Amino acid sequence: MRVNKIWMALTGAAAAVALVGCSGSTEGGGSQPLAAVSTPTSTSSATTPPATTAPPSTTAAPSTTSTTSTTSTSKTTPKPSSTTKKTTPQPAANPAVPCTVTDGACVDISAKKAWLLSGGKVVYGPVPITTGRKGYATPTGMFHVLYKEKMHYSKEFDNAPMPNSVFFYPGDAFHQGSLSTPSHGCVHLSSAASLKFFSTLSVGDPVQVVP
């Protein structure tokens with residue numbers, strides 16, 4: 001019996017404790033109410049996937065602007081040549097003169113004439129001449145004045161005088177002499193012509209003798 005009473009007492013005490021804990025009342029003494037046990041609410045947080053942003057369109061619209069390539073075709077006008085070299089034409093020998101020299105003396109044996117030229121022009125002549133006889137022919141070709149003597153004496157022909165001598169070949173010269181008698185190779189001139197040849201011609205000047 002006693003055991004039953006103890007059990008009942010324990011059961012009643014437990015029930016009282018259970019009532020106080022549920023109502024939250026503070027009456028009847030200093031015991032602190034039991035803290036209300038809050039049942040944790042299981043909140044399932046649904047993970048919302050991040051919004052997917054559509055990628056920007058990378059396809060560019062075809063350009064409708066056509067670029068026209070303009071080729072410059074400028075005409076280049078050729079400039080007049082500034083390098084034109086001025087040349088002074090060489091004077092030609094007088095057409096009436098059979099020689100090619102433009103300066104000096106010209107002798108035409110067959111025509112029995114002689115000229116003095118300068119710069120392609122006849123400055124004196126033609127004048128009459130006589131040339132070498134048979135066996136003493138006057139040499140033909142291109143020569144130059146070798147030397148001059150105002151009065152030369154021919155040792156070969158008995159010291160014959162040869163005034164106004166202008167030698168163009170060894171032993172042969174222009175000089176004053178007979179215009180009717182052939183020489184021994186020299187070119188005979190009149191007194192006036194021999195003086196003109198002597199005063200005009202210088203050592204080194206060309207002398208051309210044609211047949």
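A: Let's start with the idea of a pocket: it is an open set of grid points with protein on both sides within 12 Å along at least five of seven lines. Keep in mind that the model we are reading is predicted.

Q: What volume does the largest pocket have here?

A: The volume of the largest pocket comes to about 430 Å³.

Q: Which residues should I look at in its lining?

A: The lining of the largest pocket holds 24 residues, and those nearest the centre are Ser154, Phe157, Met162, His184 and Cys186. Two or more lining residues come from each of β5 (147-154), β6 and β7. The top contributor is β6, with four residues.

Q: How many of the lining residues are nonpolar, polar or charged?

A: For the largest pocket the split is 10 nonpolar, 10 polar and four charged.

Q: Now the strands: how do β6 and β7 run relative to each other, parallel or antiparallel?

A: Strand β6 (residues 160-169) and β7 run antiparallel, joined by three bridges. One pair to find on screen is tyrosine 169 with its bridge partner in β7, aspartate 172. The two strands make a hairpin with two residues between them, and in the turn glycine 171 has a positive phi of about 90°.

Q: And in which sense does β7 pair with β8, parallel or antiparallel?

A: Here the sense is parallel, with three bridges between β7 and strand β8 (residues 187-189). Phenylalanine 174 has valine 187 in β8 as its bridge partner.

Q: Is β7 (residues 172-176) mostly covered or mostly open, and how many of its residues are buried?

A: Buried stands for under 20% relative accessible area. By that cut-off, four of the five residues of β7 are buried, so the strand is mostly covered.

Notes: Residues are numbered from 1 along each chain as its sequence is written. This is a predicted model: local features need pLDDT of at least 70, side-chain atom pairs count only at pLDDT 80 or more; totals for chains, interfaces and linings use all residues. Side-chain values use heavy atoms; hydrogens and water are left out. Buried means under 20% relative accessible area, exposed over 50%, partly exposed in between (1.4 Å probe, protein chains only). Two strands pair if DSSP finds at least two bridges between them. On a 1 Å grid over the protein atoms alone, a cavity is a set of points where a 1.4 Å probe fits but cannot get out, and a pocket is an open set with protein on both sides within 12 Å along at least five of seven lines; lining residues have an atom within 4 Å of a point. Grid points are joined across faces, edges and corners, and a volume is the space filled by probe spheres set on the points. Ala, Val, Leu, Ile, Met, Phe, Trp, Tyr, Cys and Pro count as nonpolar, Asp, Glu, Lys and Arg as charged, and the others, Gly among them, as polar.
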